[in-house]
Amino acid sequence: VESDKCDINNGEASAAMRYDIITSVLDSGLRAAAQMESSSSRDFFDGIWDRIIATVDKLLLPSSSNRYAGYAYHSKHYLRIVAIVLDHLPKRKHVMAEPMLENGADRAVAVAFECNAKKENGDNELYTKAADGAVHVFLSCFMGLCQKMPSSPAISSLTNQIIGDTLDTEGQDMNDQNRTRHNFALAVCESLRTTP
């Protein structure tokens, strides 16, 4: 059993190192693309930006077969990737990123509550980490909407959903589901507070 934990920890460290390399390459490449775009044809770069958005969309919407592990062990890397893309993405492409961020936030909310439900059937470290990671991914997506697209209708719909659900729990016991609702509400408030 101890060797299994070592294998998992070594696997996580190896994956973290791969994500560090990917994010470094992504940051350098997108910075170069953004600089080159200002002096070159936009048509050429539109395809690149569209593929980047599609790739991050797939990252934020993992298949059901591996979504819990992704949220549990790689959520901080997802945050970094989203931040890098939004940092370099031209304003004209924000409209393309809006559904990616909204869907990523929606999926993160769903995953967090799924994980909490699975934990009720027995405490499982994977589901605890995945629920926490989902809150981080939600924050990244929601803050991206607030920072880059402050007039997006997704902001008000997600805010109404999260705050409304949280207010509905007033006076209830602080179980995992309610704690997660409160964490999402804090993420919404923090994002709105820092919105330009």
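Tutor: Let's start with a yardstick: a residue is buried under 20% relative accessible area, exposed over 50%, and partly exposed in between (1.4 Å probe, protein chains only). This is a predicted model, in which local features need pLDDT of at least 70 and side-chain atom pairs count only at pLDDT 80 or more, while totals for chains, interfaces and linings use all residues. Residues are numbered from 1 along each chain as its sequence is written, and side-chain values use heavy atoms, with hydrogens and water left out.

Student: Thanks! Why is Arg193 called exposed?

Tutor: Its relative accessible area is 60%, and exposed means over 50%, so Arg193 qualifies. Arg193 sits in helix α7.

Student: What makes the pair Arg193 and Glu190 a polar contact?

Tutor: Their side chains are joined at 2.8 Å. A polar contact is a pair of N or O atoms within 3.5 Å; within protein, one must be able to donate a hydrogen and the other to accept it, and residues adjacent in sequence count only if both atoms are side-chain atoms. The pair therefore counts, as 2.8 Å falls within 3.5 Å.

Student: And why is Asp27 called buried?

Tutor: Asp27, a residue of helix α1, has a relative accessible area of 15%. That is under 20%, so Asp27 is buried. Its side chain also makes a polar contact of 2.7 Å with that of His88.

Student: Which residues is Asp27 in contact with, leaving aside its neighbours within four places in sequence?

Tutor: Arg80, Ile84 and His88, where contact means heavy atoms within 4.5 Å.

Student: Why does Ser140 count as buried?

Tutor: Ser140 has 12% relative accessibility, so it falls under the 20% limit. Ser140 lies in helix α5 and, beyond neighbours within four places in sequence, touches Leu79 and Val82.

Student: How do you know how many helices and strands the chain has?

Tutor: Helices are DSSP runs of H or I with at least four residues, strands are runs of E with at least two, and both are numbered from the N terminus. By that rule, the chain has seven helices and zero strands.

Student: What makes a set of residues a nonpolar core?

Tutor: They must be buried Ala, Val, Leu, Ile, Met, Phe, Trp, Tyr or Cys residues joined through side-chain atoms within 4.5 Å. The largest such core here has 51 residues, and Leu101, Phe138 and Phe184 touch the most other members. Helix α5 provides the largest share, 11 residues. Among the contacts of Phe138 outside its neighbours within four places in sequence are Ala105, Leu158, Ile162 and Phe184.

Student: How do you know that the span of α6 is close to the one expected?

Tutor: The expected span is 1.5 Å times one less than the number of residues. Helix α6 has 15 residues and reaches 21 Å from its first C-alpha to its last, close to the expected 21 Å.

Student: Why do the buried residues of α6 line one face of the helix?

Tutor: The buried residues are Ala154, Ile155, Leu158, Thr159, Ile162 and Thr166. Down the helix axis, they fall within an arc of 125 degrees, so they line one face; the arc is that of the directions from the axis to the C-beta atoms. What covers these buried residues includes α4, α5 and α7, whereas Pro153, Asn160 and Leu167 are exposed on the other side of α6.
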